Amino acid sequence: SDHMENIYGYLMKYTNLVTGWQYRFFVLNNDAGLLEYFVNEQSRHLKPRGTLQLAGAVISPSDEDSHTFTVNAASGEQYKLRAIDAKERQHWVSRLQICTQHHTEAIGKNNPPLKSRSFSLASQGSANSPGVQRRPSQNAVSFFSVGHHRLPTGKRVPIMQPDHLVDVREMLSQAEGQQRDLIRSIECLPASGHLTSLDQDLLMLKATSMATMNCLNDCFHILQLQHASQQKGSLPAGTTISWLEPKISLSNHFKNGAAQNFPAEINKPASVREEQSAAEPCQLTREPEEINPDEELEDICDDKEDDLGAVEEQRSVILHLLSQLKLGMDLTRVVLPTFILEKRSLLEMYADFMSHPDLFIAITNGTTPEERMIRFVEYYLTSFHEGRKGAIAKKPYNPIIGETFHCSWRIPKSDVATDAGSNFSTHSPSEQVTLSKDLEGQTEMDYYTVKFVAEQVSHHPPVSGFYAECVERKMCVNAHVWTKSKFLGMSIGVTMVGEGLLSLLEHGEEYTFSLPCAYARSILTVPWVELGGKVNINCGKTGYSASVNFHTKPFYGGKLHRVTGEVKQNATNTVVCRVQGEWNSVLEFTYSNGETKCVDLTKLSVTRKRVRPLEKQGPFESRRLWQHVTESLRDGDIDKATEHKRALEERQRNEERLRAETETPWCTKYFLKE
């Protein structure tokens with residue numbers, strides 16, 4: 001009863017781009033289930049400026065900041081509100097949610113489900129919805145009749161008997177057939193005209209029907225488990241009842257305007273037939289192979305990802321995909337459209353984080369534990385900007401299980417800092433290319449070699465392992481990363497679960513570190529990447545640690561890509577170095593002696609990695625494995641790239657199915673699981 005009392009107070013309300021945020025006086029009327037607002041407290045006795053019915057509404061704290069939240073009414077109307085602080089937001093959100101739940105449940109009790117009804121998606125929105133304004137004379141119900149079918153007479157029973165599960169399955173099959181017919185009818189509409197296959201309401205209707213079928217299938221699965229438990233007395237050991245992944249393949253609905261019929265086998269390119277013919281159990285040796293560095297050549301591949309054309313052209317595909325996703329949904333098993341891919345595997349992206357190997361090697365040259373920790377932090381912060389190819393947020397290929405990537409770097413010994421002076425090379429990019437070419441004629445003693453190998457060690461969950469070493473300097477780094485991606489509304493978040501370990505054998509030191517989260521923002525306009533979260537770096541032997549904060553941009557004001565951090569001596573809690581700046585631009589380091597150093601990451605020399613030519617790579621090495629997808633993307637042939645990608649993924653699924661049937665465990669090639 002305490003929580004159902006009326007509350008009131010000032011909140012900021014977002015009106016539009018022109019007016020922006022305005023202070024308004026809000027009143028939560030618990031008895032009526034209404035959220036009302038007035039211009040100010042003095043006008044409270046007048047008619048409210050606006051009213052929202054809370055029954056069936058969704059109250060959502062925003063991920064933009066700790067003050068903002070939204071109230072989404074069942075009518076489609078939305079209030080975007082902001083409290084003065086996080087505590088005030090939580091107060092309003094909790095009271096609104098309690099009131100919403102109370103009135104939603106009351107409606108459910110007082111209004112049993114109708115036996116049969118038809119509905120129009122367009123008519124459910126407010127009078128201001130774009131669909132209603134666009135065609136007032138025609139709504140969805142006049143084109144499609146979507147009804148709730150009555151159960152056949154005699155098949156209604158108060159208790160679900162075992163044989164009735166068969167009837168339910170049959171009804172679900174019929175419903176799935178009707179849903180497919182609906183999708184086909186929409187996709188066969190013309191691409192232009194009065195009513196098109198890209199109509200926003202029809203796209204939403206497709207997504208809603210698909211989500212409904214997925215939900216019904218999940219419920220049927222739970223019924224089956226409950227029936228099995230009743231027969232056996234209890235659920236089998238280890239069995240869990242949980243929501244499943246979507247049963248309907250999303251990839252079949254990416255193309256609007258025509259049904260997605262893949263060509264017959266005989267019409268497929270030879271390379272696709274090759275990929276599919278390899279779907280039999282993989283007979284490749286899982287023994288580690290020694291890569292000959294002399295076979296590696298300086299990489300000349302330079303695929304910048306600055307093309308926005310495909311994103312603009314495929315806007316309807318993105319809208320269609322977004323309409324099928326739920327907030328917080330795990331995207332691991334969601335097949336994303338091919339045009340958003342960048343032309344490299346995730347394993348190669350990890351290698352690109354090592355594009356400043358001179359700074360990596362310089363870590364072990366630090367003369368004191370403090371200096372070595374500071375050098376590691378400096379190297380760590382300079383590694384991310386080169387890992388991104390261009391400003392546009394695109395997604396690297398999801399590695400196939402067993403996929404590997406090998407490369408190396410050669411660094412002139414003269415480029416590696418040996419004292420406490422500047423750790424940063426100052427060669428211009430053009431000078432660096434000349435240096436790299438000159439290396440070909442140098443003897444082995446004139447340069448250090450850093451070798452790198454990465455392997456996809458697990459498919460579900462998707463876990464990658466990568467390892468780099470410099471034998472001459474007796475140092476190596478070993479890491480594993482599980483990429484967990486989630487849908488966050490107008491952005492996608494990727495959590496990098498895992499840990500890295502840097503070993504400096506000369507000093508007997510080990511440094512543990514983690515990786516920040518990554519976010520693809522503004523996925524409907526110009527997608528861009530930002531990093532966020534707190535990262536910790538620790539060395540147990542020396543007692544030094546570092547904490548680095550990657551700051552996401554606040555909703556108003558603030559800088560992009562901001563990073564701050566500090567290095568501490570744990571025993572005395574003394575800060576020995578502070579850093580601030582942008583992880584893709586300029587970093588400023590301030591040391592305990594008062595000295596400062598600025599590093600412009602855009603002017604740092606980049607050492608090109610050395611990679612074996614495709615013809616010398618194994619069939620499961622990244623570039624050879626994805627070569628047909630990459631070539632099609634370079635040619636701008638999205639359909640062909642999709643076909644090659646689909647063949648690779650189908651091969652992976654077939655092999656995984658076979659291993660499950662034969663109970664054959666997967667054997668990794670370079671990494672062992674502890």
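Q: What are strands and helices here?
A: Both are DSSP runs, numbered from the N terminus. Helices are H or I runs of at least four residues, while strands are E runs of at least two.

Q: How many helices and strands does the protein chain have?
A: This is a predicted model, where local features need pLDDT of at least 70, side-chain atom pairs count only at pLDDT 80 or more, and totals for chains, interfaces and linings use all residues. Residues are numbered from 1 along each chain as its sequence is written, and side-chain values use heavy atoms, leaving out hydrogens and water. The secondary structure comes to 16 helices and 24 strands.

Q: Which residue of S2 stands opposite Ile7?
A: Ile7 belongs to the covered face of strand S1 (residues 7–14), along with Gly9, Leu11 and Lys13. S1 runs antiparallel to strand S2 (residues 21–29), joined by eight bridges; pairing takes at least two DSSP bridges. Opposite Ile7 in S2 stands Leu28.

Q: Which residue of S7 stands opposite Met12?
A: Met12 is on the uncovered face of S1. S1 also pairs with strand S7 (residues 78–82), antiparallel, over two bridges. In S7, the residue opposite Met12 is Arg82.

Q: Which helix gives the most to the largest nonpolar core?
A: A nonpolar core is a set of buried (under 20% relative accessible area, 1.4 Å probe, protein chains only) Ala, Val, Leu, Ile, Met, Phe, Trp, Tyr and Cys residues joined through side-chain atoms within 4.5 Å. The largest has 64 residues, and Leu381 is among those with the most contacts inside it. With seven residues, the top contributor is helix H11 (residues 369–382).

Conventions. Buried means under 20% relative accessible area, exposed over 50%, partly exposed in between (1.4 Å probe, protein chains only).
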